[in-house]
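Open the model in your viewer and keep the selection panel at hand. The stops below go from the DNA surface to the aromatic side chains.

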Amino acid sequence: MASNNAQLAVIFQQMADVNQVTGGNRFKTIALEKGARVLKDFVKDVADVEPQDLLQVEGIGKGIAQKIEEFLRTGRVLEHQEMIDAVPAGVLKMLDIPGLGPKGVAQLWNDGGVESIDELKQKIEDCSLEGLKGFGKKKLEKLQQSIAFAEKAGERTNIGFALPLALAIIDVLKDLPGVQQIDYAGSLRRGKETIGDIDLLVGAKEKDAARIMDVFVGLEMVEEVLGHGATKSSIRSTDDFRNIQVDLRVVDPKHYGAALMYFTGSKEHNVKVRERALSMGYTLNEYALADKDDKTKQVETKTEQAIYRKLGLAHIAPELREDRGELALAEKDDLPDLIELKDIKADLHTHTTASDGRWSIEENALAYAARGYHTVAITDHSKGQVQANGLDDKRLVRHIEAVRKVAKKLEGKITVLAGSEVDILADGSLDYPDELLAELDVVVASPHAALSQESKKATRRLLDAIANPYVTMIGHPTGRLVLRREGLSPDMEALCKAAAGRGIALEINANHWRLDLRDTHARLALEHGVRLAINTDAHGPADPDQLPYGVLTARRAGATKNDVINCMTAAGLKKWLKSTRG
DNA sequence: GCCGTTTTCGGCCCGACTGTTTTCAGTCG
């Protein structure tokens, strides 16, 4: 069951959506969205907060506080239910189509009679929307493309939604009697950025399996039971958990290693491993590595390590099991010693209330100090990000002073660096003059607008940014959003070469919507000797928790801690930052 | 709906881009 905070966040977001489409006061929309965000980030359960203290929280006023109170008392918010009853769910879904906003959705619904994305597709195809005000030929073509892109993304979901669900389920199942081992397998274990369904594996004796299955299908986050058998059950999670399919398999502990290997995949990796097994006189399936001619002679079954070892291979981390040359490296015992979460000691891309963040400089820095980091860089938006309250030149000067002041105060606790996430404008120029950039310790240059630029232009644009002598790294270089926006497609090879030449870093933005660089790009960067940065782009207290997704992406790229500037010592990082300034 | 008051209602962010509406509205960031 989702927490009160999470449920209320969904409620307020839905109210904001309905308010938009029905043409309600747009500031009410903003307030509701803010309320939803605040609740999502809120560290305490609202049920444990005194009503008068709730009102002290920024973004929560009388109206929202009242609804929270109503929800805690009755389990629902009446106004919310009335609102969602007034608008078909399919209409709200259309808000997800890039390029289509509330006005367009309302127009399509009211004057075009469109009530879902499917109907929209249909009506574009049979031209029955011709003459609809605001929807000319080009606009409709663009919408068609947006829809097609979203569809190609299919039923997959971000790792940022799948991993918390998997962990929540494991947290319940792991303590059941008879559960000896439990893991998530599949693409989730391999750390892919999107997940089709979640595969859970439990090691338990046959006599305990039925009870484990019963608990699984009866979990609070279950919306629908798709199957309920002796060794395999499937469920679909509730809306709060994104309707993700979760499969649970129970295997005898003695076969756990073989099963985990089998269900972790990838399929391509498994094929290569099985081929190798065959060539060595073995056969490999989900139960065992066995003698090829007599399958009852099981050689190894219990652990992945033992199976790999028997095949003359070093243990291959799940993130590398994509048939990208990992077997050859494992054979030579030449696999990279992959970076781990605990190696990260600095975050070099974070925001504060100076632009669009939700915490002050000091709150931000103290949170990172509490995590044991030695350094954090404050990198608020530049003036081009007007919607994000980006800082103009004068405000930046004052902001730098404010950061320096906090840095001084926290000396000895954590190093606080003054930085900026400066916009790379469409023409490749930066949003601040060089004289100003020179005042900063860290310059994260990122593209935010004009993200459908053609490839050549995008390459030129990013190369120009890399060439700027004050740039420390390129932030989320393509601007893609996982399953939502394609972003720029620059010549990554050219960018990597240029970044290597300048000795600056390319960022893996760890936010699960971005993961940009993506794994393949990061791999390319490493091949060119480019240092990576893994930053969370944190805007508030919950955001540093996005870090695992960035680290998983780096691991998939084969990165070691030596490849990532966030793993350097404080002194090493200082020296490296200096080196980027020639 | 939130906030901050010159306490009880007015302000709440705005520039670039795109497509289309020939003078601007919608969307994005």
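A polar contact here is a pair of N or O atoms within 3.5 Å; within protein, one atom must be able to donate a hydrogen and the other to accept it, and residues adjacent in sequence count only if both atoms are side-chain atoms. This is a predicted model, in which local features need pLDDT of at least 70 and side-chain atom pairs count only at pLDDT 80 or more, while totals for chains, interfaces and linings use all residues. Residues are numbered from 1 along each chain as its sequence is written, chains are lettered from A and ligands numbered from 1 in the order in which they are written, and side-chain values use heavy atoms, with hydrogens and water left out.

**Phosphate contacts**

Select Lys28: one of its polar side-chain atoms lies 3.1 Å from a phosphate oxygen of DNA strand B. Next, go to the backbone of Gly99, where a polar atom is 2.6 Å from a phosphate oxygen of the strand. At Lys103 a polar backbone atom is 3.1 Å from a phosphate oxygen of DNA strand B.

**The surface around the strand**

Now select the residues near DNA strand B (a heavy atom within 4 Å of it). There are 30 of them, and Gly61, Gly99, Gly101, Gln387 and Arg485 come nearest. On the DNA side, sugar and phosphate make up 64% of the strand B atoms that come within 4 Å of the protein.

Colour by helix (DSSP runs of H or I, at least four residues, numbered from the N terminus). At least two residues of this surface come from each of α2 (26-41), α4 (62-74), α7 (102-110) and α9 (137-153). The largest share, four residues, belongs to α4.

**Aromatic pairs**

Rings of Phe, Tyr and Trp (its six-membered ring) pair if their centres lie within 6.5 Å; planes under 30 degrees apart are stacked, over 60 edge-to-face, and the rest tilted. Four pairs meet this rule. Select Tyr262 and Phe263: they are edge-to-face, 5.0 Å centre to centre with 90 degrees between the planes. Tyr368 and Tyr373 are tilted, at 5.2 Å and 45 degrees. Add Trp359 to see one aromatic cluster with Tyr368 and Tyr373.

Which residue of the edge-to-face pair is buried (under 20% relative accessible area; exposed is over 50%, partly exposed in between; 1.4 Å probe, protein chains only)? Phe263 is, at 14%, whereas Tyr262 is partly exposed at 36%.

**Charges over rings**

Finish with Arg242, whose charged end sits over the ring of Phe161 (CZ of Arg or NZ of Lys within 6 Å of the ring centre and within 35 degrees of the ring normal), 3.7 Å from its centre. Arg484 lies over the face of Trp513, 5.0 Å from the ring centre.
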